[in-house]
Amino acid sequence: MAILETKDLRKIYGSGENEVRALDGVSMSVDEGEFVAVVGTSGSGKSTLLNMIGGLDRPTSGSVIIRGKELLKMKDEELTVFRRRNIGFVFQNYNLLPVLNVYENIVYSIEIDGGKADTEFVRQIIHTLGLEQKLQNMPNNLSGGQQQRVAIARALATKPAIILADEPTGNLDSKTSMDVILLMQSVSRQFHQTTVMITHNEEIAQMADRTIRIEDG
């Protein structure tokens, strides 16, 4: 069953001679539990696509449907709440809060939404990602690979419909990159978590269940 669909998705900047079609009619679907890699060169439109799927930007036309809900029809406040509860993000730069320790970073998204963390589920994630000994550490005391594990744990903790990973290994060396992707692959299967990963790295893309290639929008 498709948990994510995009239909004829377009994002156009400028007009006339200055028109840039960042996305030009993208239709795709991702089934529940799938780990999908979207591959493309710089400027191909892959990050724009991720921003549309994640509700971080609105398309010029077309639709994005997650869990049967059409994002374009939501008002800004409704979209913010939906995004917080249904979409987990893993960014290239980790985006951890420097004033919070590892555990606080993992449960932060749940707590600002007024929820209570499922402690048994969070404990499972922490164990799977090998973070048990790091829970009291601050982000600046962690390696890049450890910070990315925390970011993955944070994304998983809300039990989102989908995790969107934007070049999650972009700041990591090749060995750490492979370790992180193997972990993402493992948690995707263990928790039946739907994941869409943007990458320009062909080797990393091959670790996914399916690869979607994007060129010129």
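**Note on the predicted model: salt bridges, sheet and helix α3**

1. D179 and K175 form a salt bridge in which the closest N and O atoms are 3.0 Å apart. The model is a predicted one. Both residues belong to helix α6 (residues 174–190), where D179 and K175 sit four residues apart, about one turn of the helix. D179 is partly exposed, at a relative accessible area of 29%, whereas K175 is exposed, at 57%.

2. A salt bridge also joins E120 to R123, with 2.8 Å between the closest N and O atoms. Helix α4 (residues 119–128) holds E120 and R123; because they are three residues apart there, about one helical turn separates them. E120 has a relative accessibility of 44% and so counts as partly exposed. R123 is likewise partly exposed, with a relative accessible area of 45%.

3. The salt bridge between E34 and R210 has its closest N and O atoms 2.8 Å apart. This pair links distant parts of the chain: E34 is in the loop between β2 (20–31) and β3 (35–39), R210 is in strand β9, and the two positions lie 176 residues apart in numbering. Is E34 buried or exposed? Its relative accessible area is 15%, which is under the 20% limit, so E34 is buried. R210, at 30% relative accessibility, counts as partly exposed.

4. In total, the structure holds twelve salt bridges. Some of the charged residues are joined beyond a single pair: D8, R10, R21 and D24 are linked in a network of salt bridges. As a general point, side chains of opposite charge can pair when their charged atoms come close.

5. Turning to the sheet, five strands form an open arrangement in the order β6-β7-β8-β3-β9, with parallel pairing. Which strands stand at the edges? They are β6 (87–90) and β9 (210–213); each has a single partner strand, so one side of each is left without a neighbour in the sheet. From one strand to the next, the twist averages 20°.

6. At the β6 edge, β6 pairs with strand β7 (residues 162–166) in the parallel sense, over four bridges. Within this pairing, G88 stands opposite I163 in β7. Helix α2 (residues 76–86) packs on the sheet and touches both β6 and β7. The direction of helix α2 makes about 70° with that of β6.

7. Helix α3 (residues 102–112) contains N105. What is the relative accessibility of N105? The value is 1%, so N105 counts as buried. Leaving aside residues up to four places away in sequence, N105 touches L96, L97, L100, P139, V150 and R154. The contacts of N105 thus include the leucine L97, a residue that reappears in the surface patch of the next point.

8. A nonpolar surface patch of about 360 Å² is made by L97, V99, Y108 and I112. One of these residues, I112, lies in helix α3, the helix that also holds N105. With a relative accessible area of 44%, I112 is partly exposed, whereas N105 is buried at 1%.

Terms used
Residues are numbered from 1 along each chain as its sequence is written. This is a predicted model: local features need pLDDT of at least 70, side-chain atom pairs count only at pLDDT 80 or more; totals for chains, interfaces and linings use all residues. Side-chain values use heavy atoms; hydrogens and water are left out. Buried means under 20% relative accessible area, exposed over 50%, partly exposed in between (1.4 Å probe, protein chains only). Contact means heavy atoms within 4.5 Å. Patches are made of residues with over 30% relative accessible area and no salt bridge: like charges are joined within 9 Å, nonpolar side chains (Val, Leu, Ile, Met, Phe, Trp, Tyr) within 5 Å. Accessible areas come from the Shrake-Rupley method with a 1.4 Å probe; for residues, only the protein chains shown count as cover. A salt bridge is a side-chain nitrogen of Lys or Arg within 4 Å of a carboxyl oxygen of Asp or Glu. Two strands pair if DSSP finds at least two bridges between them. Axes are lines fitted to C-alpha atoms, for helices over the stretch in contact, and angles run from 0 to 180 degrees between N-to-C directions.
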